[in-house]
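Good morning, everyone, and thank you for making time for this. Please bring the structure up on your screens, and then we will walk through one part of it together.

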Amino acid sequence: MANPTAPDPKAHNKQPIDTLIHARWIIPVVPEKRLYENCSLAIRDGIITAILPSNEARNRFTATEELQLGEQLLVPGLINTHNHAAMSLLRGFADDYPLMTWLEKHIWPAEQQWVSPEFVTDGTRLAMAEMLRSGTTTFSDQYFFPEATAAAAREAGMRAQIAFPVIDFPNNWSRNGFDAIEKGLALRDDYRSHHRIGLAFAPHAPYTVGDETLKKIAIYADELGMSVQMHLHETAGEVERAAADTGQRPTERLHRLGLLSPQFLAVHMTALNDSDIALIQKTGAHISHCPRSNLKLASGFSPVAKMLEAGINVSIGTDGAASNNGLDMLAETNTAALLAKAVSGQADALPAHQALAMATINGARALGIDDVTGSIEVGKAADLCAIDLSALEQQPLHDPLSQLIYTANGHHVRNVWVAGRQLLKDRELTTLNEEELKQRAANWRDRIAGRTN
């Protein structure tokens, strides 16, 4: 992969950089609908310093490492705005159940028995390996023992928003909602100055968190400038029960409590009416669309085309591998693009360029880090994903963007960088041990199945 240049007598006139990447195609996402051909990226100290034609780049820079990507498309690293990474260890554990049966009869009892810092560390590492191998560079995670998730992400080199869970009833990590808030804010202090790890509040859902806890979160989020992420309007049944119990739809209740704002990320949002959409648009809240999880749990269809038309920022999340059952953001984006067309009845709903934006810059906006990542621009972090478009099944190649959204999947990802550091090199993980991860996953399978103690 590496292609060191021969000694150049004019090298002393060239600008020294860390990495120079030559790509057949680059889609920067910003500006929209732009495609660069035979261009290069210059990277120094983890930051993109130049995007220019490859011939000019070779004349201008001398790099410690110079890479020629061949028939690979370079795009911003994908951003997964909703995940429960540790639940990778429950992949395939309880399939083919509706949401509440899945949660109450299977997932919650298993979590109560097995979830621990060790479980979260091993599950998160397994998830990160899968995400990196399918092009994801940033993920937002909502799960118990968030300190274990944060440590695992820090060690692996990924960018992450750790959304610590707030639930009013006792669980493996906290006694109640106020205890969770206290623990989460302490973890925020630990990572206050970290350049890749950020913290957010994650009240689980309207039916697991009461008004007093939500009010407290709204106050802290406003005072500290922190994001809030919450499962919301995931099913029609949830909305109907909330309206019967409180006299308000969940969006109306959260607005009354002061939560809906540009710092709020609503996850799922399937059962919506026009007033819900208008309220989200008015408050500037963001959406994390998780189409494959919603389909598998028969939770409903999110009206993505309507929300985009209303000017709402819609991003993409995979949800956890227990309900998806994968973390492949390219597959998720493909599903989002196709589903939007079917739900709206419009073939031009969610075109390829807009789908890629949802998986990149829209995700960065939803997490409040669009000044750092989400697009290939000078001054932003070198969070990058290179996808091989040379496969037989991708020929002929008329449009690289179309092939990316409609024919590519995670198996076509060859190289991934986060902040200029290569975490996937020609399909090989550089910070995680694949064989060790497989063995630990097998150990957890046997423990949960009762084969070992």
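I will talk about one helix and the salt bridges around it.

Please keep in mind that what you see is a predicted model. The UniProt record, in an unreviewed entry, places a domain called "Amidohydrolase-related" at residues 74-422, and over that stretch the chain is 43% helix and 17% strand.

Let us turn to helix H3, which covers residues 117-133. With 17 residues at 1.5 Å a residue, H3 should span 24 Å, and its end C-alpha atoms are indeed 24 Å apart, so the two values agree. Is this helix mostly covered or mostly open? It is mostly covered, since 12 of its 17 residues are buried, among them Phe 119, Leu 126 and Met 131. Just after H3, Gly 135 takes a positive phi of about 95 degrees.

Now for the salt bridges, of which a search of the whole structure finds 25. Arg 91 forms one with Glu 130, the closest N and O atoms being 3.0 Å apart, and this pair links distant parts of the chain, because Arg 91 sits in the loop between strand E6 and helix H2 while Glu 130 belongs to helix H3, 39 residues apart. Glu 130 is partly exposed, because its relative accessible area is 23%, which lies between the cut-offs of 20% and 50%.

A second salt bridge joins Glu 155 to Arg 125, with the closest N and O atoms 3.2 Å apart, and it connects helix H4 with helix H3. Finally, Arg 133 is linked with Glu 434, Glu 435 and Lys 438 in a network of salt bridges.

Key. Residues are numbered from 1 along each chain as its sequence is written. This is a predicted model: local features need pLDDT of at least 70, side-chain atom pairs count only at pLDDT 80 or more; totals for chains, interfaces and linings use all residues. Side-chain values use heavy atoms; hydrogens and water are left out. Helices (H or I, at least four residues) and strands (E, at least two) are DSSP runs, numbered from the N terminus. The expected span of a helix is 1.5 Å times one less than its number of residues. Buried means under 20% relative accessible area, exposed over 50%, partly exposed in between (1.4 Å probe, protein chains only). UniProt positions are given in the numbering used here, feature names are shortened, and annotations may be inferred rather than shown by experiment. A salt bridge is a side-chain nitrogen of Lys or Arg within 4 Å of a carboxyl oxygen of Asp or Glu.
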